[in-house]
Amino acid sequence: MEAALAPFQAQVRLIETLPGAGRESAMAILVELGPDMSVFASARHCAAWAGICPGNNESAGKRRSGRMRRGNPILRAILVECSHAAVRTLGCQFQAYHRAVTSRRGYKRAIVAVAHKMLRIIYAMLRDGKPYADPGIDYERISISRKASRWLQKLEQYGYVTRRAREEQTDMSARPA
């Protein structure tokens, strides 16, 4: 594989910058995906071709089980393996994203969601020729900020916090430090 991929060493090194992707997996991803991303209209089309995009089965506002597409099984297996390694990498966005999705969807679906995210990032890296740079998104803080008001309402409902104490707490948090 090393000799066959000699002309594409720059792309292999780009994929290697992604957490969870080693040399062999980077070469396998490049073999399955190809070095030219212009064949795909977007990252979504690339994910659909790979069969790693989420299913969509909704009727009358009711969501039913949406199975993944049948795509490239080899690429899907490599991406899932890389996502298992990426979620165990301390301090990277994939670990926090996996934790956030696992709480809602379960472990296996979260791994597939991380694999989907990794494929979209690989698409952008190969298209732009730029190595991976972790954005440092704090998914836990985002999740807490979304749920905090509902948690406070429940505490009020059960009598642990009064509305006045809640308003004082929000006034204190709104003040500049």
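In this predicted model, H1 passes H6 in a right-handed crossing.

**Exercise 1.** Describe how helices H1 and H6 pack, and sort the residues of their contact by type.

*Solution.*
Step 1. Two packed helices are described by the angle between their axes and the distance between the axes.
Step 2. For H1 (residues 9-16) and H6 (residues 107-128), the angle is about 145° and the axes lie 10 Å apart.
Step 3. On the H1 side, Gln11, Leu14 and Ile15 make the contact; on the H6 side, Ile122, Met125 and Leu126 do.
Step 4. Sorted by type, these residues give five nonpolar, one polar and no charged.

**Exercise 2.** Find which residues of the largest nonpolar core touch the most other members, and which helix gives the most to this core.

*Solution.*
Step 1. The core holds 39 residues, and those touching the most other members are Leu18, Ile29, Leu33 and Phe94.
Step 2. At least two core residues come from each of H1, H2 (23-33), H3 (43-50), H4 (73-86) and H6.
Step 3. H6 gives the most, 10 residues.
Step 4. Take Leu33 in detail: leaving out residues up to four places away in sequence, Leu33 touches Phe40, Cys46, Trp49, Leu75, Leu119, Ile122 and Leu126.

**Exercise 3.** Decide whether Val87 is buried or exposed, and list what Val87 touches.

*Solution.*
Step 1. Val87 sits in the loop between H4 and H5 (93-105).
Step 2. Buried means under 20% relative accessible area; Val87 has 9% relative accessibility, so Val87 counts as buried.
Step 3. Leaving out residues up to four places away in sequence, Val87 touches Phe94, Gln95, His98, Ile111 and Val114.
Step 4. Ile111 is 24 residues from Val87 along the chain, and their C-alpha atoms are separated by 8.2 Å.

Methods. Residues numbered from 1 in each chain as written. Predicted model: local features only at pLDDT ≥ 70, side-chain atom pairs only at ≥ 80, totals over all residues. Heavy atoms only, no water. Axes fitted to C-alpha atoms, helices over the stretch in contact; angles between N-to-C directions. Helix = DSSP H or I, 4+ residues; strand = E, 2+ residues; numbered from the N terminus. Left-handed = near helix turned anticlockwise from the far one by under 90°. Contact = heavy atoms within 4.5 Å. Nonpolar A, V, L, I, M, F, W, Y, C, P; charged D, E, K, R; others polar. Core = buried A, V, L, I, M, F, W, Y, C linked by side-chain atoms within 4.5 Å. Buried < 20%, exposed > 50% of the residue type's maximum accessible area, 1.4 Å probe, protein only.
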